[in-house]
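Here are my notes on the model you sent over. Have it open while you read, and shout if anything looks off.

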Amino acid sequence: MTERGPCSEEVCITCSDEAVPVTVVRLLDGDLAVADVGGGRHEEVSVALVDAAVGDTILVHAKEAIAVVARGDRR
C-alpha cells in the first residue's frame, strides 16, 4: 500500500522482497525523490542513504534507495 492507497499491482514495485532499479525523475526536500518505476508510474522514495541526482538509476528496496547503479547525465 502506498500513501495514495492500494497498489494497482499485486505487489508494490518498491515494496517487494528484492531491490529494483528505478530512475530518479525529480529530487524533493527531506532526502526524498520521485522515481520512474516503469509503466508510466512514479513513486516517492527516500534517497537519504545515497548520493543520487536526476537521471541516475538507483536500486530501491522498501521505498529506500540503497545504491546508485548508473549515473545519469550530470552536465
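The points below go from the overall fold to single residues.

1. First, a caveat: this is a predicted model. Everything here is computed from it, so please read the distances and angles below in that light.

2. The overall picture is all strand. The protein chain has five strands and zero helices, so reading from the N terminus you get β-β-β-β-β. Of the 75 residues in the protein chain, 32% are buried. The chain exposes about 4600 Å², and carbon and sulfur atoms supply 50% of that area. If you take the contacts with a separation of 6 or more, 36% of them are between residues 24 or more positions apart.

3. Start with E1 and E2. Strand E1 (residues 20-28) runs antiparallel to strand E2 (residues 32-38), with five bridges joining the two. To find the register, look at arginine 26, which stands opposite valine 34 in E2. Three residues sit between the strands of this hairpin, and glycine 30 has a positive phi there, near 75 degrees.

4. Next come E2 and E3. These strands are also antiparallel, and six bridges join them. A handy marker is leucine 32, whose bridge partner in E3 is serine 46. This hairpin has two residues between its strands. Here glycine 39 takes the positive phi, near 65 degrees.

5. Is glutamate 43 buried or exposed? This residue is found in strand E3, and its relative accessibility is 6%. The cut-off for buried is under 20%, so glutamate 43 counts as buried. What does its side chain pair with? Lysine 63: the two side chains are joined by a polar contact of 3.1 Å. I'd have a look at that pair in your viewer.

6. Leucine 49 is worth a look for the opposite reason. It lies in the loop between strand E3 (41-46) and strand E4 (57-61). Its relative accessible area is 63%, and since exposed means over 50%, leucine 49 is exposed.

7. Which residues does leucine 49 touch, leaving aside its neighbours within four places in sequence? Glu64 and Ala65 are the contacts. For alanine 65, the separation along the chain is 16 residues, while the C-alpha atoms of leucine 49 and alanine 65 are separated by 6.6 Å. So leucine 49 has those contacts and is still exposed, at 63% relative accessible area.

Notes. Residues numbered from 1 in each chain as written. Predicted model: local features only at pLDDT ≥ 70, side-chain atom pairs only at ≥ 80, totals over all residues. Heavy atoms only, no water. Helix = DSSP H or I, 4+ residues; strand = E, 2+ residues; numbered from the N terminus. Buried < 20%, exposed > 50% of the residue type's maximum accessible area, 1.4 Å probe, protein only. Contact = heavy atoms within 4.5 Å. Areas by Shrake-Rupley, 256 points an atom, 1.4 Å probe, with all protein chains shown as cover. Pairing = 2+ DSSP bridges. Polar contact = N/O pair within 3.5 Å; in protein donor to acceptor, adjacent residues only side chain to side chain.
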